Amino acid sequence: MRAFVFPGQGAQAIGMGRALAEAYPQSREVFEEVDDALGEKLSALIWEGEQDALTLTRNAQPALMATSIAAMAALGAEGVTVHAAEYVAGHSLGEYSALCAAGAISLADTARLLRIRGEAMQDATPVGVGAMAAILGLDYAAVDAIAKEAAEGEVVQAANDNDPGQVVISGHVAAVERAVDLAKGQGAKRAVMLPVSAPFHCALMEPAARVMAEALSDVAIEAPHVPVVANVRAEAVSDPDTIRALLIEQVTGSVRWRESVAWMAGQGVTEIWEVGAGKALSGMVRRIDRSVATRQVGGPDEVTAAVESMN
């Protein structure tokens with residue numbers, strides 16, 4: 001049994017998806033449709049721009065989605081559709097890629113939603129108010145307890161439960177710094193502040209959640225062709241109204257990636273394909289459950305190998 005998963009912010013790199021667009025007209029059409037939806041040449045930035053500009057949240061989110069859907073288009077050209085998976089899932093913004101791949105949201109709407117989401121998340125807090133930090137070597141329960149102790153009336157939450165030894169926290173700068181110090185004192189292998197532009201997936205994102213509630217209210221959401229494992233539930237959902245509500249909740253809620261992968265493995269998934277840029281999710285999957293095989297599908301050669309693996 002197979003699942004397709006889609007990367008989140010941090011996987012972006014100049015040049016991603018270009019080989020796909022050169023090898024497959026269907027992949028090039030994905031980038032062209034995203035350009036049209038946004039009214040700008042995002043593809044030129046992805047392939048020829050500066051890394052700093054691509055890393056801006058407003059650009060990284062639709063760019064990573066476009067690259068993932070371009071990889072899906074290449075697979076489709078070789079006869080492998082989303083129906084080859086029992087489930088789809090994505091890490092944070094990757095959940096939008098998963099929904100697009102599964103036919104729940106159109107490509108143009110997904111691009112526009114991610115541009116709005118990126119800008120809303122960036123604008124939710126003034127620069128310097130929030131921060132994020134990675135805690136390595138402690139499990140979610142330990143980090144959650146540390147965050148509660150460190151809050152002292154401010155916001156600090158476990159934002160990303162990535163794998164058994166990596167939890168990312170998010171919130172007010174001082175509270176995050178207190179949590180980092182506590183984590184070091186409680187045996188964390190490492191506790192480091194992250195170079196991010198905003199404190200994602202915590203209560204400080206409430207203004208962005210309101211923006212997304214309005215944006216999503218105008219978008220058609222269909223039942224996905226295969227169930228989507230939602231970040232905030234760590235289980236499969238297919239009802240359009242539920243999907244809409246969970247996408248709003250996701251802005252301030254934790255990304256329950258460890259539990260999502262474990263849930264899929266518990267349903268019988270033995271192979272996970274990471275579709276799009278990078279390989280961070282594959283590493284997390286291996287640390288969560290070594291019995292689950294992983295495969296990256298981000299370039300033409302990887303598409304060919306993935307298709308051949310099914311024969």
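## Exercises on a predicted fold

Helix α8 (residues 140-151) lies across β3, β4 and β5 and runs at about 165 degrees to β4. Helices (H or I, at least four residues) and strands (E, at least two) are DSSP runs, numbered from the N terminus. Contact means heavy atoms within 4.5 Å. Axes are lines fitted to C-alpha atoms, for helices over the stretch in contact, with angles from 0 to 180 degrees between N-to-C directions.

This is a predicted model: local features need pLDDT of at least 70, side-chain atom pairs count only at pLDDT 80 or more, and totals for chains, interfaces and linings use all residues. Residues are numbered from 1 along each chain as its sequence is written, and side-chain values use heavy atoms, leaving out hydrogens and water.

**Exercise 1.** Find the order of the 4 strands in the open sheet, and say why β4 and β6 each have one side without a neighbour.

*Solution.*
- Start with the order: β4-β5-β3-β6, with antiparallel pairing. Two strands pair if DSSP finds at least two bridges between them.
- Look at the edges. β4 (156-163) and β6 (190-193) stand there, each with a single partner strand, so one side of each lacks a neighbour in the sheet.
- Add the twist: it averages 20 degrees from one strand to the next.
- Zoom in on one pair. β3 (residues 130-136) and β5 (residues 166-172) pair over 7 bridges. In this pair, A131 stands opposite G171 in β5.

**Exercise 2.** Describe how α5 and α6 pack.

*Solution.*
- Take the geometry. α5 (residues 57-77) and α6 (residues 94-101) pack at about 35 degrees, with axes 9 Å apart.
- List the residues. M65, S68, I69 and M72 in α5 meet S97, C100 and A101 in α6.
- Sort them: 5 nonpolar, 2 polar and no charged. Ala, Val, Leu, Ile, Met, Phe, Trp, Tyr, Cys and Pro count as nonpolar, Asp, Glu, Lys and Arg as charged, and the others, Gly among them, as polar.

**Exercise 3.** Decide whether R115 is buried or exposed.

*Solution.*
- Locate R115: it lies in helix α7 (residues 107-123).
- Read its relative accessible area: 8%.
- Apply the cut-offs. Buried means under 20% relative accessible area, exposed over 50%, partly exposed in between (1.4 Å probe, protein chains only). R115 is therefore buried.
- Name its contacts. Not counting residues up to four places away in sequence, R115 touches L38, E40, L42, R58, N59 and P62.
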